[in-house]
Amino acid sequence: MKVKRVNHSMRAKGKATHQGISSLLILRPLFAGIALMLSVFAMTAAADTFNEYHVKAVFLFNLTHFITWPEDAFADEKTPFLIGIAGENPFGDTLRIVLEKEQVNGRRIALITYGNCRDLLDRPCHMLFISKPDYFSCPGLQNIARQHAMVTIGDVPGFLEQGGIINLVKENRRIQIEINQVEAKRMGLEISAQLLNLSRTVKIK
Amino acid sequence: MSQKKSTRHYDTRILLRLAAAFFMLLLLLPAIFPSGSHAITSSTQNAENDEAVIDYLKQLSIDELLLTEITSVSKKNERLTDAAAAVFVITAEDIRRTGARSIPELLRIVPGLQVARIDANKWAVTSRGFNNRFSNKLLVLMDGRSVYNPLFSGVYWNVQDTLLEDVDRIEVIRGPGAALWGANAVNGIVNIITKSSKETLGGLVTFGLGIHTDYNLGMRYGGTIGKDAAYRIYAKGFQQNAFEDESGNDFTDEWDAFRGGFRVDIGKNGRDDFSFQGSLYDGTADQRITTTGLLTPPFSITTKDTIYFSGGHVLGCWRHLFSNNSQTTMQLYYDRTDRKEGVFGETRDTVDIDFQHQWEVTSRQEIVWGLGYRFSKNDTNGTFTISVSPDSREDHLFSAFFQDTIELFSNRLWLTLGSKFEDNDYSGFEVQPSARIRWRYNPHITLWSAISRAVRTPSRADQDMRVNLASFPGNDGAVNVMAIVGTDDFDSEELTAFELGLRWHPCSWFSADIASFYNLYDRLRSIEPATPFFEALPSPPHLVFPLSIGNKIDGKTYGVEVLADLQALPQWKLSIGYTWFQVDLDLNAASGDRSALEYEGNSPDHQLQLRSYVNLPFRLEWDTMLFFVDQLNTFDVSEYWRLDTRIGWQAPHNVMVNLHFENILDDRHSEYGNQSGINASEMPRSVYLTLSYRL
């Protein structure tokens with residue numbers, strides 16, 4: 001499994017002054033190889049499919065059309081519709097581009113990125129995307145979600161079992177929607193029949 | 001044993017051939033594996049501009065959206081907890097709530113790791129045994145930069161630091177990760193990842209002080225440059241007081257450091273992301289050191305000594321998305337570290353270049369492969385006690401890795417095969433393969449298992465170093481010196497590891513993670529008595545009894561690590577961790593070593609931890625940690641309990657106040673013993689207050 005190759009005493013004696021040059025010579029094929037490969041990829045790997053998070057960002061926005069929030073979820077008519085991202089933002093700039101100049105029921109949309117749980121508890125939103133629930137453990141999240149009719153959206157298997165409302169799961173290269181209808185109803189959310197027909201209802205408890 | 005080759009040139013030729021062979025092999029891969037099917041045909045899909053793609057997607061109905069095919073670079077989205085390995089992630093929340101002020105103190109909360117504080121500025125940290133100040137089987141990376149010192153093979157924990165508020169997470173993998181990360185990732189990897197500067201906009205000032213801390217000041221400012229770039233600059237300085245000896249006297253192990261740095265992240269449309277960072281640091285760490293092997297009475301002296309350390313790094317990383325299922329990363333860094341203490345000094349320059357390609361071949365197969373080269377040059381300043389010959393050396397490390405993850409049954413069973421190939425200047429060519437399997441039994445239960453081979457490659461300390469352990473007057477009046485002497489014959493230590501784990505997530509408020517391992521080690525480092533010889537210089541002439549470094553210890557370690565998280569109440573999170581660790585080493589028949597026992601007794605058999613995070617009204621947080629660590633037989637260190645608690649208050653106007661009590665249960669306790677001339681101090685009870693202000 002192993003070839004022992006080193007002649008240590010030689011190296012010790014030599015402490016060669018030309019080693020610096022030889023190291024550059026060794027580097028040359030490495031760089032050449034990398035350059036070659038980069039060009040190969042550039043040719044072969046063309047963008048043929050849609051980026052998962054482009055599609056998910058559009059889904060997120062579309063979902064707002066199919067859900068009716070209870071009246072008391074908004075302080076007044078001017079209250080913006082708040083969409084939050086908890087933890088790491090997998091969308092990059094995409095979600096901002098999707099939501100640009102859009103409205104939900106005549107309300108302008110504001111995007112919030114929550115760095116920590118405290119901010120979220122202090123300033124809940126109407127729709128919360130949690131990409132990695134494990135990284136964003138937030139005691140009291142479920143309570144606050146119920147109080148404020150906050151629709152929690154995830155994209156990992158088992159998200160609904162963990163208390164989420166909507167899960168965008170990847171299946172056979174497509175996105176499927178899973179909805180925890182019982183919990184949604186409990187929160188006073190109305191989800192349109194059209195969306196329910198297109199999605200899988202998952203019964204929890 | 002190998003035959004000695006005649007010239008250095010020959011080495012170079014072999015390396016070239018190896019490199020060429022890898023390139024050829026890797027270039028062939030795309031031809032071997034068919035590329036994924038691309039179902040959607042639309043003129044917009046090839047558009048360079050994301051906005052056009054998004055506009056296209058937005059005019060689709062929800063039915064159409066559901067039929068849209070997507071791809072993703074799964075590495076990007078893969079949850080680390082889905083890996084077929086024993087993984088623990090320290091989150092930014094943990095960093096805040098544990099109140100830890102240094103990276104090794106944070107690592108205490110990871111089940112399966114063993115963290116022992118040697119003195120106020122030194123730690124012994126390891127995963128799965130062999131704990132030592134130079135734990136040579138744990139690889140530590142900061143944003144992809146290795147901070148493992150190849151001279152002693154280990155990590156100088158008192159040098160590795162950053163503004164902890166800017167750390168995004170620390171990923172800890174116990175067990176071998178050599179197939180991906182390379183040599184010395186034998187028993188674990190600690191991967192410290194800082195936030196993107198897009199996530200650290202605005203200003204932050206933190207100020208802390210306490211019984212054992214004169215001050216700890218941190219500052220950061222982050223802003224944007226145009227639409228697509230963000231930056232941050234930071235500075236941190238602290239002065240920490242000494243710990244205590246067993247009677248409570250000052251141990252003279254003060255520690256101070258200043259560091260500053262920057263990070264710039266540039267990303268446009270998610271196609272190309274660039275990240276640049278750099279840092280400079282300078283500090284001193286005092287220690288009580290026993291200088292041994294002196295030629296005149298009293299032959300060894302214990303004195304206060306100061307380590308002067310300084311250094312810095314620059315790193316650039318370029319991530320490019322060729323398509324949604326193909327992504328490459330190129331990373332280049334330069335690191336300099338300079339360190340000088342009474343008996344030894346070292347300056348090291350490292351240049352490292354890494355290339356990685358992640359490729360989702362089909363929706364059920366992902367390939368990751370990469371190439372790397374590292375050049376490292378060090379200059380040492382030895383003394384009679386510790387010397388390295390030759391005092392300067394240049395090393396080259398070539399590496400390539402390949403990993404293929406296949407989804408055998410849809411959403412049920414995954415198989416990961418991979419290997420790293422390395423060529424280093426000490427032990428030559430090394431192959432480190434692994435096979436991992438993950439079975440999602442149901443949405444609540446995941447089982448995983450792995451078999452891996454990993455090596456700990458020789459360091460200069462094993463091959464080029466001499467350490468005079470002790471000296472004493474001989475029978476004939478001449479001084480006798482006992483010395484550990486490195487030899488070129490020392491070869492890599494080898495591990496074959498068997499792992500089995502279970503993750504159980506039965507409901508939203510409870511989860512458990514159990515990992516077990518059985519590690520078989522071959523050719524571990526031993527110290528073998530060799531033929532005595534006379535040495536005329538330095539005078540007086542003396543007789544040297546060498547202990548030459550060999551590979552004559554075999555053995556096994558095994559253990560179980562359990563972590564359970566419980567959301568007891570919406571405001572109350574509890575974590576319970578338990579680690580059981582056993583080690584059983586055997587000397588070869590041919591060995592005359594007496595030190596094997598030392599390895600057996602430097603890691604605790606049992607470790608227990610309990611963490612509680614409570615959210616109280618009035619924006620208060622109350623967090624408590626309790627640790628139990630079993631005795632260490634090697635040093636006669638008794639078992640200890642440690643209790644820490646913290647009260648945090650999110651005050652108005654973006655001010656955060658933290659009051660942290662450390663080691664409440666006893667006046668002081670010892671966590672490690674004297675080793676390699678370093679005298680251990682005891683960790684006292686302490687109180688610490690921080691104020692932070694975000695603007």
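pLDDT is the predictor's confidence in each residue, on a scale from 0 to 100. I start there, as this is a predicted model.

**Entry 1: confidence**

I looked up chain B before trusting any detail in it. Its mean pLDDT is 86, and 90% of its residues come out at 70 or more. Where does confidence in chain B drop lowest? In helix H4(B), residues 74-77, with a mean of 35; helix H6(B), residues 103-106, sits at the other end with 95, the highest. I also noted two weak stretches. Residues 23-48 of chain B stay under 50, and the model has 33 contacts for them beyond four places in sequence. Residues 72-78 of chain B are below 50 too, with 13 contacts beyond near neighbours in sequence. For the complex, I wrote down an ipTM of 0.72 and a pTM of 0.73 from the predictor.

**Entry 2: chain A in brief**

I took just the totals here. Chain A has 205 residues, and 42% of them count as buried. I find eight helices and eleven strands in chain A. I then took its contacts between residues at least 6 apart in sequence: 61% of these join residues at least 24 apart.

**Entry 3: where chain B meets chain A**

Next I checked helix H2(B), residues 50-58. Which of its residues are buried? I get B:Val53, B:Ile54 and B:Leu57. They span an arc of only 95° around the axis, so they sit on the same side of H2(B). That fits the textbook picture: an α-helix has 3.6 residues a turn, so residues three or four places apart point the same way. I then asked what covers these residues, and the cover includes pieces of chain A: strand S1 (50-51), helix H3 (52-66) and helix H4 (94-99).

**Entry 4: nonpolar cores**

How many residues are in the largest nonpolar core? I get 78, and the residues with the most contacts inside it are B:Ile90, B:Leu106, B:Leu107, B:Val125, B:Val172, B:Ala178 and B:Val190. Strand S2(B), residues 86-91, is the top contributor, giving five residues. I picked B:Val125 for a closer look. Leaving out residues up to four places away in sequence, I see B:Val125 touching B:Pro104, B:Leu107, B:Leu113, B:Val115, B:Ser135, B:Leu138 and B:Trp157. There is also a second, separate core of 49 residues; among its members are A:Leu95, A:Leu120, A:Ala149 and B:Leu57. I had already met B:Leu57 as one of the buried residues of H2(B).

**Entry 5: the five-stranded sheet**

I traced an open sheet in chain B with strand order S2-S7-S8-S5-S6 and mixed pairing. S2(B) and S6(B) are the edges, each pairing on one side only.

- S7(B), residues 167-174, runs antiparallel to S8(B) over seven bridges, and I see B:Ile170 opposite B:Ile192 of S8(B).
- S8(B), residues 188-194, pairs parallel with S5(B) over five bridges; B:Leu138 has B:Gly188 as its bridge partner.
- S5(B) pairs antiparallel with S6(B), residues 145-146, over two bridges, and B:Leu141 stands opposite B:Ser146.

Is S5(B) enclosed or open? Four of its five residues (138-142) are buried, so S5(B) is largely enclosed by the rest of the structure. I noted that S5(B) and S6(B) make a hairpin with two residues between them, and that B:Asp143 in the turn has a positive phi of about 45°.

**Entry 6: backbone oddities**

I went through the cis peptide bonds. One joins B:Pro297 and B:Pro298, with omega about 5°, and B:Pro298 is in the loop between strands S13 (272-291) and S14 (301-323) of chain B. Another runs from B:Ser539 to B:Pro540, with omega near 0°; B:Pro540 is in the loop between S27 (533-535) and S28 (542-569) of chain B.

Then I looked at positive phi in residues that are not glycine. B:Arg523 has phi near 60° and is found in strand S26(B), residues 510-529. B:His653 has a positive phi of about 60°, but lies in the loop between S32 (640-651) and S33 (655-662) of chain B. How many other C-beta atoms are within 10 Å of B:Arg523? I count 19, and B:Arg523 is partly exposed; a residue needs 20 or more to be buried. B:His653 has 7 C-beta neighbours inside 10 Å, so I put B:His653 down as exposed.

Definitions and conventions. Residues numbered from 1 in each chain as written. Chains lettered and ligands numbered in written order. Predicted model: local features only at pLDDT ≥ 70, side-chain atom pairs only at ≥ 80, totals over all residues. Buried ≥ 20, exposed ≤ 12 C-beta atoms within 10 Å, placed from the backbone. Arc of directions from axis to C-beta. Contact = placed C-beta atoms within 7 Å. Pairing = 2+ DSSP bridges. Core = buried A, V, L, I, M, F, W, Y, C linked by C-beta atoms within 7 Å.
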